[in-house]
Amino acid sequence: MASDTARAHLVYGEWLRREGRRQEARKSLRTAHQLLSGMGVEAFAERAARELRATGEHPRKRTTQPAHALTSHELHIARLVATGATSREIGAQLFLSPRTIEAHLRSIFRKLGITSRRQLKELPLR
């Protein structure tokens, strides 16, 4: 649902820009760029960035801190994993199943561009 919303902002912003309504387009395109970048949908995020540049604005780069890409819940789980806790231990602490913890870990790994729990220990998760 969130990706549909982000793409709707993108298409609407493109339409507004083509209609010559640059100020209005910027607002919609900024929202689309933030949402799409946050979801990791780089192709659409780049499309939104191109449209923003066409309105005369330069979109902001994503933050360099890896922890900013994570939700607060994912960050909490990542910190627990970095301490060496197992999925079963984390699940018991957070009242979640180990399978749910593994699903969160897949999302965390994708967002941070890593492939193992060991790599989490090396990242600054603040």
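In this predicted model, helix α1 passes helix α2 in a left-handed crossing. The two helices, α1 covering residues 2–18 and α2 covering residues 22–39, pack at an angle of about 150 degrees, and their axes lie 8 Å apart. Because angles over 145 degrees count as roughly antiparallel, α1 and α2 are roughly antiparallel to each other. On the side of α1 the contact is made by A2, S3, A6, R7, H9, L10, Y12, G13, E14, L16 and R17, while α2 contributes E24, A25, S28, L29, T31, A32, L35, L36 and M39. Sorted by character, the residues of this contact of α1 with α2 comprise 11 that are nonpolar, 5 that are polar and 4 that are charged.

Several residues of this pairing can be followed individually. S28 lies in helix α2 and is buried, because its relative accessible area is 7%. When neighbours within four places in sequence are left aside, S28 is in contact with H9, Y12 and G13, and these three residues are among those that α1 brings to the contact with α2. E24, which is also found in helix α2, counts as partly exposed, since its relative accessibility is 39%. The side chain of E24 makes a polar contact with the side chain of R21 at 2.7 Å, and the C-alpha atom of E24 is separated by 12 Å from that of L10, a residue 14 places away along the chain.

R17 belongs to helix α1 and counts as partly exposed, because its relative accessibility is 23%. Leaving aside neighbours within four places in sequence, R17 is in contact with A25, E51, A54 and T55; of these, A25 is one of the α2 residues in the contact with α1. The C-alpha atoms of R17 and L52, which are 35 residues apart along the chain, are separated by 9.0 Å.

L52 appears again in the surroundings of E57, which is in contact with R26, R30 and L52 once neighbours within four places in sequence are set aside. E57 is found in the loop between α3 (42–54) and α4 (72–82), and it counts as buried because its relative accessibility is 18%, where the cut-off for buried is under 20%. The side chain of E57 makes a polar contact with the side chain of R30, at 2.8 Å.

The accessibility values of the residues discussed in this report are collected below.

| Residue | Relative accessibility | Class |
|---|---|---|
| S28 | 7% | buried |
| E57 | 18% | buried |
| R17 | 23% | partly exposed |
| E24 | 39% | partly exposed |
| F95 | 76% | exposed |

A further helix pair is formed by α4 and helix α6 (residues 98–112), whose axes come within 10 Å and cross at roughly 95 degrees. That angle makes α4 roughly perpendicular to α6. The contact is made by H73, E74, I77, A78 and V81 of α4 together with I101, H104, L105, S107, I108 and K111 of α6, and its residues divide into 6 nonpolar, 3 polar and 2 charged.

The last residue to consider is F95, found in the loop between α5 (87–94) and α6. F95 counts as exposed, because its relative accessibility is 76%. Its backbone also deserves a remark: phi of F95 is near 60 degrees, a positive value in a residue other than glycine, whereas most residues other than glycine have a negative phi.

Technical notes. Residues are numbered from 1 along each chain as its sequence is written. This is a predicted model: local features need pLDDT of at least 70, side-chain atom pairs count only at pLDDT 80 or more; totals for chains, interfaces and linings use all residues. Side-chain values use heavy atoms; hydrogens and water are left out. Helices (H or I, at least four residues) and strands (E, at least two) are DSSP runs, numbered from the N terminus. Buried means under 20% relative accessible area, exposed over 50%, partly exposed in between (1.4 Å probe, protein chains only). A polar contact is a pair of N or O atoms within 3.5 Å; within protein, one must be able to donate a hydrogen and the other to accept it, and residues adjacent in sequence count only if both atoms are side-chain atoms. Contact means heavy atoms within 4.5 Å. Axes are lines fitted to C-alpha atoms, for helices over the stretch in contact, and angles run from 0 to 180 degrees between N-to-C directions. Angles under 35 degrees count as roughly parallel, over 145 as roughly antiparallel, 65 to 115 as roughly perpendicular and the rest as oblique. A crossing is left-handed if the near helix is turned anticlockwise from the far one by less than a right angle, and right-handed if clockwise. Ala, Val, Leu, Ile, Met, Phe, Trp, Tyr, Cys and Pro count as nonpolar, Asp, Glu, Lys and Arg as charged, and the others, Gly among them, as polar.
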